[in-house]
Each structure stands twice: as structure tokens, then as C-alpha cells.
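Trainee: Could you take one part of this model and walk me through it slowly? I would like to follow how its charged side chains are arranged and what lies around them.

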Amino acid sequence: AEEMRAYDPYFGGDEPPKEGTTVRAGEPKDPALPVASEEAVVEALRSVYDPEIPVNIYDLGLIYDLKIDEKGDAVVTMTLTAPACPVAGSMPKEVAERVSAVEGIGEVDVVLTWDPPWTQANMSEVAKVALDMF
């Protein structure tokens, strides 16, 4: 039987998203609001889970970089556990939406990268304990 893979139509077709695929969410932040802290954004990232692994994406090590500029706009560089991951299309969008919902964050770009490829070495101690990987 042929394996069915559902990719989000946002990325087009049934190919895994390409290196550098970017998803945007949010609106420019009200200049009167203070810019959110990196900790607040990390908390939002910790609310997103890989559907196949009971650990959040931050502790899994899927977030490679997080930048917040002086206007409160954020750029999150992330990967997935595998290019053919069934949530390849939806997870970056969910990440963009969760981060843009943080008070003090404006527009969010989530950039998908496959380089370097994710390995279990990326996981935090918390994730390794949760998955009994010691």
C-alpha cells in the first residue's frame, strides 16, 4: 500500500517544504506596547508539540534561532524531525501563530531549514528524560 502524506496546501503539492520556506503571521505591534521578552516567546514555543512525540518543539531542539527586533517583530528559524514529517506544512504555521499571539510581538516569520539536519542530540535534558533516553 502506498503511504499517504498530507502536506499543507500552503506549501503547494505533496513535496516536503523546501529549505528557507517562510510562514508569516501577526501584525505590526502597537508601538506603545513594550517588546516581548525572549522568555515569553520561548514559553509560547513550548506550547507547540510534535504530534508524534510527547515533547514540545523547543525542548526537542527544533528551534535553531530566535531573533526579536526593536519593533517586536520576530524571526524563528526551525527544523522538523524529518523533511517528510506529516506536519511539515502545518507546524511552522502553528509556530508563527503562537509566537505572534505573545503580547509585545508584532509580525513573525518562521523560516524552515534542513541544515543542519535534526538529530536526537539537539534535545534538551528535559526531553531526554521525558522520553527515557538516558
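Mentor: In this predicted model, a network of salt bridges links E43, R46 and D59, and that is a good part to look at closely. As general background, side chains of opposite charge can pair when their charged atoms come close. Within the network, the side chains of R46 and D59 meet in a salt bridge, with 3.3 Å from N to O. This pair links distant parts of the chain, since R46 sits in the loop between helix 1 and helix 2 while D59 belongs to helix 2, 13 residues apart. The two partners can also be described by their accessibility: R46 is partly exposed, with a relative accessible area of 30%, whereas D59, at 7%, counts as buried, because the cut-off for buried is under 20%.

Turning to helix 1, which spans residues 38-45, you will find that its buried residues are V41, V42, A44 and L45. They cover an arc of only 155° around the axis, and therefore they lie on the same side of helix 1. What covers these buried residues includes helix 2 (57-60), strand 2 and helix 3.

Helix 3 (residues 90-100) has a salt bridge as well, in which the side chains of R98 and E94 meet at 2.9 Å from N to O. These two residues are four apart in helix 3, so about one helical turn separates them. R98 is partly exposed, with a relative accessible area of 32%, and E94, at 27%, also counts as partly exposed. Altogether, the structure holds six salt bridges.

Key: Residues numbered from 1 in each chain as written. Predicted model: local features only at pLDDT ≥ 70, side-chain atom pairs only at ≥ 80, totals over all residues. Heavy atoms only, no water. Buried < 20%, exposed > 50% of the residue type's maximum accessible area, 1.4 Å probe, protein only. Arc of directions from axis to C-beta. Contact = heavy atoms within 4.5 Å. Salt bridge = Lys/Arg side-chain N within 4 Å of Asp/Glu carboxyl O.
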